[in-house]
Amino acid sequence: SSLQPRLLVTASGVHDPASGGGRQGGPEKWASLGELKGLAGGRAFTMVDGGTYDPDKAYKDSKLCNMLFMAEAARRWGSGGITANAFSPGLIADPDGFFRNQNRLFGSVFSGISKAVGVAETNDFAGSALAYLAVDPAMDGQTGGWYDALPLGKHSLGKHAPSAEARDAAKAAKLWELSEGLLA
């Protein structure tokens with residue numbers, strides 16, 4: 001394995017309003033950080049875009065923030081030999097795992113449906129994808145990438161183009177700077 005430092009950020013296809021999961025809930029729930037007004041307002045914000053709290057949008061926005069963080073980390077640290085990539089472990093709607101804090105009936109039904117329609121991933125796939133990205137020599141020098149199941153539910157990892165907003169370099173830099181300001 002490589003000795004090159006690697007940063008891996010967990011993301012999700014829901015960061016992209018053009019994806020199936022990203023379109024759920026209608027336009028008002030799609031991932032979008034706007035002008036980062038909430039974050040710019042200081043520590044008391046509820047939504048990065050300054051809007052009213054919505055748990056579905058908050059989750060999608062958090063994944064978009066992760067994508068922007070990864071892109072900015074790749075830009076800032078790449079020349080120093082640190083790579084940064086983002087990946088999704090896939091949809092693992094296990095009522096005993098990621099969905100353990102959901103209503104048990106909902107988790108079981110959702111898990112069954114996601115498996116039946118062929119979009120579910122497995123813990124083994126997720127772990128293998130993480131290990132590959134973290135230590136495989138094939139990833140030496142690869143930075144700024146977004147990796148997800150390709151195609152969904154088929155236990156195969158592929159590199160994708162991030163959403164248009166996740167490719168906004170100016171927004172990535174602004175998110176980094178505003179976040180840094182909150183920690184000062």
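The following paragraphs describe the largest pocket, a nonpolar surface patch and the placement of two residues in a predicted model.

Local features were accepted at pLDDT of at least 70 and side-chain atom pairs only at pLDDT 80 or more, whereas totals for chains, interfaces and linings use all residues. Residues are numbered from 1 along each chain as its sequence is written, and side-chain values use heavy atoms, with hydrogens and water left out.

The largest pocket (on a 1 Å grid over the protein atoms alone, an open set of points with protein on both sides within 12 Å along at least five of seven lines) has a volume of about 1200 Å³, a volume being the space filled by probe spheres set on the points, which are joined across faces, edges and corners. Its lining, made of residues with an atom within 4 Å of a point, comprises 38 residues, of which Ser12, Val14, Tyr59, Gly90 and Leu91 lie nearest the centre. Helix H2 (55–77), helix H3 (104–116) and strand S3 (146–149) each supply at least two lining residues, and H2 gives the most, with five; helices (H or I, at least four residues) and strands (E, at least two) are DSSP runs numbered from the N terminus.

Valine 109, which lies in helix H3, forms a nonpolar surface patch of about 400 Å² together with Leu105, Ile113 and Val117. Valine 109 is partly exposed, with a relative accessible area of 43%, whereas leucine 36, in the loop between strand S1 (6–10) and helix H1 (37–40), is buried at 1% (buried means under 20%, exposed over 50%, partly exposed in between, with a 1.4 Å probe and protein chains only).

Conventions: On a 1 Å grid over the protein atoms alone, a cavity is a set of points where a 1.4 Å probe fits but cannot get out, and a pocket is an open set with protein on both sides within 12 Å along at least five of seven lines; lining residues have an atom within 4 Å of a point. Patches are made of residues with over 30% relative accessible area and no salt bridge: like charges are joined within 9 Å, nonpolar side chains (Val, Leu, Ile, Met, Phe, Trp, Tyr) within 5 Å. Accessible areas come from the Shrake-Rupley method with a 1.4 Å probe; for residues, only the protein chains shown count as cover. A salt bridge is a side-chain nitrogen of Lys or Arg within 4 Å of a carboxyl oxygen of Asp or Glu.
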